[in-house]
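Work through the exercises below with the structure open. Try each task before reading its solution.

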Amino acid sequence: MACGPQDLQEKAIDIHHRLCAVYGCPIPYFHSYDPLSELISSLLSHRTRNADSGRAYTALEARYPDWVAVRDAPAEDIEATIEGVTWPEQKAPRIQAVLRTITERCGELSLDFLGDMSVSEARAWLQSITGIGPKTSAAVLAFSTLRKAALPVDSHHHRVAQRTGLIPLSLGVGPAHAVLAAQLPPDWDAQAVYDNHQVLMLHGQRVCFFTNPACNRCVLLDLCPTGQARMQGSHTAPHANTELTRLHRRGAT
């Protein structure tokens, strides 16, 4: 029997509290970039390991005095500076195009004004720019110094949500943002929403692996139909992994 919205919210909250007990909430923010800098960081991180995108961001800061200089530099120079990320030949012109669009719309290179908007308004503004998707818009609001209650969903978070039944296997990363955010209590503050993303992401990295998840040591096993099927030797789990493979390749920014 499928769960209704109230049942899913209760399940989402139960998962949140269990994982917080394991990973230690509240979780400190991992950096404090202004929103424009966070946007650059997020665009660099797409399908790239954190260490590699972090080095590329540091390289940009070291080579250029500000984001105006990055916007106006030859694209090939930006590409060479960020060569350690995935698809630098695509990300260099994309970053510059985003910076030019912000300048055209705002008259300056700053996203600080997003702090005066609601989460939904700010995300809509960001996503109206070509190259910015739901994950990036949420990351800008949640991870930057704006510290807004926006929920990013990365591939690890998405995988845990699928396997535990919070979202269907057929739901991609992009559409999952709205569904998973709606399952969280509306009165949760930015720290709680940030914690939710972090604990599901950490669980995906440390227990609910893409292949061979460690279901035998998972604190969510009694809530997870995929894990229960795997532990019982059911043929359901391989199908789930096939579907996850297809959706993982689709991606979302």
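**Exercise 1. The cysteines**

Task: Decide whether C224 is buried or exposed, then find which cysteine sulfur is nearest to that of C224.

Solution.
- Start with the surface. C224 has a relative accessible area of 9%. Buried means under 20%, so C224 is buried.
- Now the partner. The nearest cysteine sulfur to that of C224 belongs to C208, 6.2 Å away. C224 is in no disulfide.
- Keep in mind that this is a predicted model.

Task: Work out why C215 has no bond to C224.

Solution.
- Find the closest cysteine sulfur to that of C215. That sulfur is in C224, at 6.2 Å.
- Apply the cut-off. A disulfide needs sulfur atoms within 2.5 Å. The distance from C215 to C224 is therefore too far for a bond.
- Check the burial of C215. Its relative accessibility is 9%, so C215 counts as buried.

Task: Say how many disulfides the whole structure holds, and describe the pairing of C20 and C25.

Solution.
- Count first. The search of the whole structure gives 1 disulfide.
- Then the distance. The sulfur atoms of C20 and C25 are 2.1 Å apart, and these two residues form a disulfide.
- Next, the handedness. The torsion about the S-S bond of C20 and C25 is about -75 degrees, so this disulfide is left-handed.
- Last, the surface. C20 has 13% relative accessibility and counts as buried. C25 has a relative accessible area of 28% and is partly exposed.

**Exercise 2. Two polar residues**

Task: Locate Q183 and list what Q183 is in contact with, leaving aside its neighbours within four places in sequence.

Solution.
- Place the residue. Q183 sits in the loop between helix 10 (173-182) and helix 11 (190-206).
- Read its burial. The relative accessible area of Q183 is 6%, so Q183 is buried.
- List the contacts. With neighbours within four places in sequence set aside, Q183 is in contact with L8, Q9, A12 and L166.
- Add one distance. Q183 and L151 are 32 residues apart along the chain, and their C-alpha atoms are separated by 11 Å.

Task: Do the same for S42: which helix holds it, and which residues does S42 touch beyond four places in sequence?

Solution.
- S42 lies in helix 2, residues 35-45.
- Its relative accessible area is 8%, so S42 is buried.
- Not counting residues up to four places away in sequence, S42 touches T136 and A139.

**Exercise 3. The whole chain**

Task: State how many helices and strands the chain has, then judge its overall dimensions against a compact globule.

Solution.
- Tally the elements. The chain has 13 helices and 0 strands.
- Test the radius of gyration. A compact globule of 253 residues would have a value near 18 Å; the chain has 19 Å, which agrees.
- Box it. Along the principal axes, the C-alpha atoms fill roughly 60 × 35 × 30 Å.
- Check the interior. Of the 253 residues, 49% count as buried.
- Look at contact range. Among contacts between residues at least 6 apart in sequence, 65% join residues at least 24 apart.

Task: Characterise the surface and the charges of the chain.

Solution.
- The accessible surface is about 11,800 Å². Carbon and sulfur atoms account for 53% of that surface.
- Count the charged side chains: 23 are positive and 25 are negative.
- Compare the positions of the two sets. Their centres lie 9 Å apart.

Conventions
Residues are numbered from 1 along each chain as its sequence is written. This is a predicted model: local features need pLDDT of at least 70, side-chain atom pairs count only at pLDDT 80 or more; totals for chains, interfaces and linings use all residues. Side-chain values use heavy atoms; hydrogens and water are left out. Helices (H or I, at least four residues) and strands (E, at least two) are DSSP runs, numbered from the N terminus. Buried means under 20% relative accessible area, exposed over 50%, partly exposed in between (1.4 Å probe, protein chains only). Contact means heavy atoms within 4.5 Å. The radius of gyration is taken over C-alpha atoms; the globule rule is 2.2 Å times the number of residues to the power 0.38. Accessible areas come from the Shrake-Rupley method with a 1.4 Å probe; for residues, only the protein chains shown count as cover. Lys and Arg count as positive and Asp and Glu as negative; His and the chain ends are not counted. The place of a charge is taken as NZ of Lys, CZ of Arg, CG of Asp or CD of Glu.
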